[in-house]
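Trainee: Please pick a single part of this structure and give me a close look. Then show me where that part fits in the rest.

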There are 2 protein chains.
Amino acid sequence: MVRGRISRLSVRDVRFPTSLGGHGSDAMHTDPDYSAAYVVLETDAEDGLKGYGITFTLGKGTEVVVCAVNALAHHVLYKDLRDIVGDFRGFYRQLTSDGQLRWIGPEKGVVHLATAAVLNAVWDLWAKQEGKPLWKLLVDVDPRTLLSCIDFRYITDVLTEEEAYEEHMLTHGYPAYTTSCAWLGYSDDTLKQLCAKALRDGWTRFKVKVGADLQDDIRRCRLIRNMIGPEKTLMMDANQRWDVPEAIEWMSKLAEFKPLWIEEPTSPDDILGHATISKALVPLGIGVATGEQCHNRVIFKQLLQVKALQFLQIDSCRLGSVNENLSVLLMAKKFEIPVCPHAGGVGLCELVQHLIIFDFISVSASLKNRMCEYVDHLHEHFRYPVIIKKASYMPPKDAGYSTEMKEESVKKHQYPDGEVWKKLLAGQED
Amino acid sequence: MVRGRISRLSVRDVRFPTSLGGHGSDAMHTDPDYSAAYVVLETDAEDGLKGYGITFTLGKGTEVVVCAVNALAHHVLYKDLRDIVGDFRGFYRQLTSDGQLRWIGPEKGVVHLATAAVLNAVWDLWAKQEGKPLWKLLVDVDPRTLLSCIDFRYITDVLTEEEAYEEHMLTHGYPAYTTSCAWLGYSDDTLKQLCAKALRDGWTRFKVKVGADLQDDIRRCRLIRNMIGPEKTLMMDANQRWDVPEAIEWMSKLAEFKPLWIEEPTSPDDILGHATISKALVPLGIGVATGEQCHNRVIFKQLLQVKALQFLQIDSCRLGSVNENLSVLLMAKKFEIPVCPHAGGVGLCELVQHLIIFDFISVSASLKNRMCEYVDHLHEHFRYPVIIKKASYMPPKDAGYSTEMKEESVKKHQYPDGEVWKKLLAGQED
């Protein structure tokens, strides 16, 4: 029944001045102007039907959601509606798990509101093409199709597709997990070379990315453990790849390589999930580390309350700057959990070194089980780059937060008009 | 020592094409281009010092964060840096609790990343003016000042300012709570009139906003309970105003008015907090309801796991559209928790009626303890507005998701060029 390719996506910022009458006011939102980011999808089908989708906002900031919708548009435009609906789980995951865009969520805040607006329009369009109100479409569609719209990632410890199918529907669905073939872009040879160099440079603690393929993980972990020997420290990082039971099972298979911790085993929002994983891995001597995508102090609070982590990883750019990181450092101190910051990226090392040095001097007064991540990338673009000696951060001496970049680096990399991008984008056009 | 007014805020989108070398790739982020939203703050002070702040991103979507920074800029521009630093908690809260902007967070995702970028620049500027590296500024500043930078809202059940001060610092700090004077914009007279009209129209369940002032709440709740009588249902909504112990204490004082539930008593991220409140309110016969700002199914999962709510409030525009709402409806069914959707806003009633009708027919098959919120606002702008009869939603008959607005309404309210806004904005300029 569904038909047509998406030929146009438009989004508008619509606001109603409800604050003038005090409508909608409450203890926290004292002057809301009820508003919406309003999406219209058009297709090339002859029926001329359009899909309309909105997400609700309170006035200011709607333009940010509009901006996010535009950022998602390329996932939607020129897609055949049959392909979208035929693999709705895949399409949903495309929107919510875009390897670049998901960072600014993931699955929360602005990007999730934008996702809602876009998907609401898709559902509207589908229902219109079926000639049914949406509830009726939902009631009528066969159970297998309905369940295939759901992304079960992160919730299978509570509800699996099969279970949902058996409980509420008729027979078995197919497993919710997919395995991505692309991960950790370095070849084994590159990995060996880099590992050897790091050993020569005096590094004693190593982190390896895992989570995409168990056999691949086993091969890579063995390779690294063999290179660094039994005494040096190895950490593993799954970047939220797993569900809760999956994380436990997977790590049982990697336990022979004696990791100190497994980092981000599952959704950063799943506090209870981390607690379950933590408890299960105690007998294996593996701790749980997380934090780089914990979105605020409330999440850290709960992780600490239920002993969901053994290593707490603050991030200088995800929490609300120093203010909020302070509250987390203090809570970690209270719960006696070591803070081992997340760093890398662009400038994260430069910034977080300030926080961890402060933590050592004024809060924890301890180095036990503590270390700060370091990645040797992009420091050359900073005016005051980190200084590493003998695998340690040297306290910065220049005034400020070490956040300033070299003006020529900024100019060159500004998007889309910087020299580097002009060239790259021109190259893509060829 | 701090000096100057913020005279300029600029933000740029800077990207490094790291994906070309596979740098930074992992199981979930297969092709990151390490990037930043890069903020520069300038002041009118003669020293010429600037504050630089970044937040880290992965390429696509950086423009959304840039857009959010611009949305925050008015909180920063032309502020005296002494006022910012002198009441940093207040300034922090201004950024994170803007009554309109916080909706698209709150305190998470894009807006929080933008907040981080802006505040990082403020801290950089402050440290530069003190002529110190930031860690040193933090080490040196007196404890009272440092703690006054932290917003303790939502974490006082684990850590209060006094406790932090006693434990890590020297003497007492001052309480973290402020009381906003503005809430629920209607006067008692208006409230009485509206209540009387609703009774005439056959409504039997009423919700009242609470949380700003206890005496005010007591007066208003008494007024409403007296008007509706003892048999009708009363719900209360605090819109995340409270910390955990505060919520329990406050609701003990309002228990005499026999509310069915207290809605959003604390941070939507605080799963364990809701569980604690739930447990404490059982003897008072008050349930906990939440969900309109629960940002994804992972949060709902945990709320259900720890029996943190007795009424689950899905929202049609915050979760990932129908796909994700389905997963929540199914989990609610499994845990035997009634779903009572959030509605109101712009189009939320129009949309969510589809979901709740579907829930009744295909999932819960029950009306026990179930009801859907309704607010009589803005329906006139929709092409297929909800139809309410005898205080019930009538199943919509028109094809689609009821999301389409009237074109003339959209045109009129488009921001900033619609007729309504042109007039309003022109008025503000006069």
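Mentor: We start with one loop residue, then move on to the two chains and the surface.

This is a predicted model: local features need pLDDT of at least 70, side-chain atom pairs count only at pLDDT 80 or more, and totals for chains, interfaces and linings use all residues. Residues are numbered from 1 along each chain as its sequence is written, chains are lettered from A and ligands numbered from 1 in the order written, and side-chain values use heavy atoms, without hydrogens and water.

Our part is K307(A). Find K307(A) in the loop between α12 (297-305) and β8 (311-312) of chain A. Helices (H or I, at least four residues) and strands (E, at least two) are DSSP runs, numbered from the N terminus. K307(A) is not a glycine, yet its phi is positive, at about 55 degrees. K307(A) is exposed, because its relative accessible area is 64%. Exposed means over 50%, buried under 20%, and partly exposed in between (1.4 Å probe, protein chains only).

Now turn to chain B. K307(B) sits in the loop between α12 (297-305) and β8 (311-312) of that chain. K307(B) also has a positive phi of about 55 degrees without being a glycine. With a relative accessible area of 64%, K307(B) is exposed.

How do the chains relate? A turn of 180 degrees, with a shift of 0.0 Å along the axis, lays chain B on chain A with an RMSD of 0.1 Å. The copies are therefore related as by a two-fold rotation axis. The superposition is by least squares on the C-alpha atoms of residues with pLDDT of at least 70 in both copies. In chain B, the residue closest to the axis is G109(B), at 2.3 Å (C-alpha). The copies meet through the same surface, because 99% of the interface residues of chain B are also interface residues in chain A. Contact here means heavy atoms within 4.5 Å.

For contrast, look at another loop. Q240(A) lies between β5 (233-237) and α10 (244-254) of chain A. Q240(A) is buried, because its relative accessible area is 0%. The side chain of Q240(A) makes a polar contact with the side chain of R102(A), at 3.0 Å. A polar contact is a pair of N or O atoms within 3.5 Å; within protein, one must be able to donate a hydrogen and the other to accept it, and residues adjacent in sequence count only if both atoms are side-chain atoms.

Last, a helix. I361(A) belongs to α14 (residues 348-363) of chain A. I361(A) counts as partly exposed, at 41% relative accessibility.
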